[in-house]
Amino acid sequence: MLYGTPTARRRDAQRNRAAIVMAASEVLTEADPVSLMPEIARRAGVGQATLYRHFPDRHALTVAVLDHHLDRLEQAAADLTGHAEHFRHLLRSVLHTQIAMRGLVVLIRRLDSATQNRYLQRALTALGGPLRRARESGLVRTDLVPDDLILLFTMVQGVAEATADAAAARAAADRAVDLMLDGVCRVVPD
């Protein structure tokens, strides 16, 4: 049994880490990042010592949450291979996640510019293939390039931050997403 104990701890540690990242993702959709750590520990069902053992500070936790969401984006983009018609849905999902996770965006802005750029490039790379296929299929503007997506992200963020009222900001940003996607994507006749 001596050899089984470390494996069990590693699995337990992996579960704790995953629970913390999921709880952080949840908290960042609704809370001010200032009170982040104690609430995340509570929702993950771990003590603060466990939380800080995995993530010694907000920076480490921000990076882990961002990695988690980018992993999901990369998987979603890979799943679209051969389905160019789903690009609009993927982009809408990315933009709505940006709106919902205002707290994460605040924390991302605290990262150094090189780290921010690295993550932005990772997102653009994930979206690049589906964008290219959608463009080749005539489903988006022929002049739309990955760097144009940065403009969309920036515009949505500007709208989302235009008011302190989270519900009003979310409604305005949702409307902005619809307007932008109508301008970027082409309607394919049945």
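I began with the pair H5 (residues 87-100) and H7 (residues 113-136), whose axes come within 9 Å and cross at roughly 145°, where axes are lines fitted to C-alpha atoms over the stretch in contact and angles run from 0 to 180 degrees between N-to-C directions. I took helices as DSSP runs of H or I with at least four residues, and strands as E runs of at least two, numbered from the N terminus.

This is a predicted model, in which local features need pLDDT of at least 70 and side-chain atom pairs count only at pLDDT 80 or more, while totals for chains, interfaces and linings use all residues. Residues are numbered from 1 along each chain as its sequence is written, and side-chain values use heavy atoms, with hydrogens and water left out.

I then listed the contact of H5 with H7 (heavy atoms within 4.5 Å): Phe-87, Leu-90 and Val-94 of H5 meet Leu-127, Pro-130, Leu-131 and Ala-134 of H7.

Next I checked the length of H5, for which 14 residues at 1.5 Å a residue should span 20 Å, and the end C-alpha atoms are 20 Å apart, which agrees; the expected span is 1.5 Å times one less than the number of residues.

I looked up burial in H5 (buried means under 20% relative accessible area, exposed over 50%, partly exposed in between, with a 1.4 Å probe and protein chains only) and found Phe-87, Leu-90, Leu-91, Val-94, Leu-95, Gln-98 and Ile-99 buried. Their cover includes H4 (58-79), H6 (102-109), H7, H8 (146-160) and H9 (166-184).

For the whole protein chain I noted nine helices and zero strands, with 38% of the 190 residues counted as buried.
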